[in-house]
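This report looks at selected residues, helix contacts and nonpolar cores of one protein model. The sequence and the structure come next, followed by the details.

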Amino acid sequence: MLQSYVRDTWVTPTATPASATGVRDAVTGDLICHVSSQGLDLAGAFGHARHTGAAALRALTFHQRADLLDAVATAVRDRRAELYTRSARAGATPLDARYDVDGGIRVLRDYSARARAELPDAPFLVEGPAERLARGEDFLGVHLCAPSPGLMLQVNAFNFPVWAPLEKLAQALLAGMPTVVKPATPTAYLTEHLVRIVAEAGVLPPGALQLVVGSVRPALDLLGEQDVLSFTGSAATARTLRAQRNVVARSVRFNAEADSVNAIVLAPDVPPGSPLFAAFVREVVTEMTVKAGQKCTAIRRVLVPREHESAALDALASELAGVTIGNPAAEGVTMGAVVSLEQRDDVRRAVRTIAESGRFVYGDPDRVRAVDADPERGAFLDTLLVSADPDAAAPHEVEPFGPAATVLAYRDTAHATELMARGLGSLAASVVSDDLAWTTALVQETAPWHGRLHLLDSTNMAQTTGHGSPLPALRHGGPGRAGGGSELAGVRGVVDLMQRTALQASPRLLDSLRTARTPAAADTE
């Protein structure tokens, strides 16, 4: 039975295996563990976070909190091989595991450096120059960003069991806010081991980090006005959480990063066979195969000019033919399994729905050849490329959360713009073109529907970090279906978790605030 980490103690739930949820190896189908939150003291966990964890973190300066991030990063880095090994049981290849684990470490390091460079060595932030509020110089106004005496409840998706909790933890710790992590059940054993690594390192104050595996539905009624509910997952679940009775009644701050039908657009000026066309093909195939396509930013819709449709389909199918599917531990395997048999079946249903208005160009949703694995016991899928009617509803509404993408041929620029907007809000989109005027016009029309636009041309294609990679310096989130939330974005993401209060005061009081130290620092003198 998987344990939770509550009030700085590892706790076993009271559930029996029969009443708990079984989690199976994505490759072999073998049972890994059972998951339940039955018998856990959720109220005690929340109280411990608010009264012990929050108090300790709020007493530190931004720079001291940055030290905590470095310590967590070191602890995880020193034992990351353990996380790599466990990641294979979720179907992850070594590349997938590094994307998740090392990506989380990099976010911690990045935020630590940003805090020291961009935030004061103080417990709070006084923003910008003061505004004069009267005719004289003795009544001024500023904004103070102070830590909230609440907690962050992370409700995370299964696809990034290491990166996601560390990314959110980095911002929460810097904001002076303790965290309770609720991982998705299919990969909860990975997040549990991550938290175990951090707990055994003893680098965080008591109450700063807790873990609840299993359901936290009762905990939603325990959230208060100073808390943050940070969700990553499906758009349907985001809608449910946003409307939860207590979340609404107490104005709990809610941040959602939801799945979306992200697009890539090939411009008419990019000829088949050109280096930029090849970069476009690689981008699509990478997004279909890294983590077996289980990324909220992955490309689902591939928009190509009608005159290039045949060439694009042939090139993509040829590249997909080079993908080797199977046991991540086997030599030469480049794509593993999806996380579970249930996820495999969900993807199958989704691609069949999309293909009703078109055809499968590459891959068979019902059959796959898996190296060193039983394709029936393991959650394996072929790479699935569909060509569909661009004006049909399903390609813009249904997301196959796996190694699948749909090619849609557009008539002209106006049609391409319309098709991008039909996703009703996406985390990311890519535009591939050397035509500056064409790209500029498309960006102006489509930016309101996207959280991030990845603009690829011949001058940057060798340096791109890729369509699907969120970066600490840039906003991660999107409008509409994508949840309307925002994560990362440098120190802006930290400040967003704090309470911004307008202050009207004399210059001498504002100067005192700017030079304030923590109570802990003052006590040492």
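## Arg348 and its contacts

Once neighbours within four places in sequence are left aside, Arg348 is in contact with Pro365, Asp366 and Leu381. The model in which these contacts are found is a predicted one. Arg348 itself belongs to helix H11, which covers residues 341-355, and with a relative accessibility of 12% Arg348 counts as buried, because the cut-off for that class is under 20%. Of its partners, Leu381 is 33 residues apart from Arg348 in sequence, while the C-alpha atoms of the two are 8.6 Å apart in space.

## His34 in strand S4

His34 is part of strand S4, which is made up of residues 31-35. The relative accessible area of His34 is 17%, and His34 is therefore buried, the limit being under 20%. Beyond its neighbours within four places in sequence, His34 is in contact with Met1, Leu2, Pro17, Ala20, Thr21 and Gly22.

## Nonpolar cores

The largest nonpolar core comprises 59 residues, and Leu83, Tyr111 and Leu204 are those with the most contacts inside it. The elements that contribute two or more residues to this core are strand S4, helix H2 (62-78), helix H4 (94-118), helix H5 (163-174), helix H6 (188-201), strand S9 (209-211) and helix H15 (491-495). A second core, separate from this one, has 40 residues, including Ile264, Leu266, Leu276 and Met335.

Leu204 can be followed further: with residues up to four places away in sequence not counted, Leu204 touches Leu68, Val72, Leu173, Val198 and Leu209.

## Helices H3 and H6

Helix H3, formed by residues 80-87, and H6 have axes that come within 10 Å and cross at roughly 170°. Because an angle over 145 degrees falls in that class, H3 is roughly antiparallel to H6. On the H3 side the contact is made by Glu82, Leu83, Arg86 and Ser87, and on the H6 side by Tyr189, Leu190, His193, Leu194 and Ile197. Sorted by class, this contact of H3 with H6 has 5 nonpolar, 2 polar and 2 charged residues.

## Helices H9 and H10

A crossing at roughly 55° is found for helix H9 (residues 275-289) and helix H10 (residues 309-320), whose axes come within 10 Å. This angle makes H9 oblique to H10, and the crossing of H9 and H10 is right-handed.

In H9, the residues Phe277, Phe280, Val281, Arg282, Val284, Val285 and Met288 meet Ala311, Ala312, Ala315, Leu316, Glu319 and Leu320 in H10. By class, the contact of H9 with H10 has 11 nonpolar and 2 charged residues, with no polar residues.

## Positive phi angles in two loops

Asp8 is not a glycine, yet Asp8 has a positive phi of about 65°. This residue lies in the loop between strand S1 (4-6) and strand S2 (9-11), where Asp8, at 29% relative accessibility, counts as partly exposed.

Ser251, likewise not a glycine, has a positive phi of about 50°. The loop that holds Ser251 runs between helix H8 (245-249) and strand S11 (253-258). Since the class begins over 50%, Ser251 counts as exposed at 58% relative accessibility.

Notes
Residues numbered from 1 in each chain as written. Predicted model: local features only at pLDDT ≥ 70, side-chain atom pairs only at ≥ 80, totals over all residues. Heavy atoms only, no water. Axes fitted to C-alpha atoms, helices over the stretch in contact; angles between N-to-C directions. Helix = DSSP H or I, 4+ residues; strand = E, 2+ residues; numbered from the N terminus. Parallel < 35°, antiparallel > 145°, perpendicular 65-115°, else oblique. Left-handed = near helix turned anticlockwise from the far one by under 90°. Contact = heavy atoms within 4.5 Å. Nonpolar A, V, L, I, M, F, W, Y, C, P; charged D, E, K, R; others polar. Buried < 20%, exposed > 50% of the residue type's maximum accessible area, 1.4 Å probe, protein only. Core = buried A, V, L, I, M, F, W, Y, C linked by side-chain atoms within 4.5 Å.
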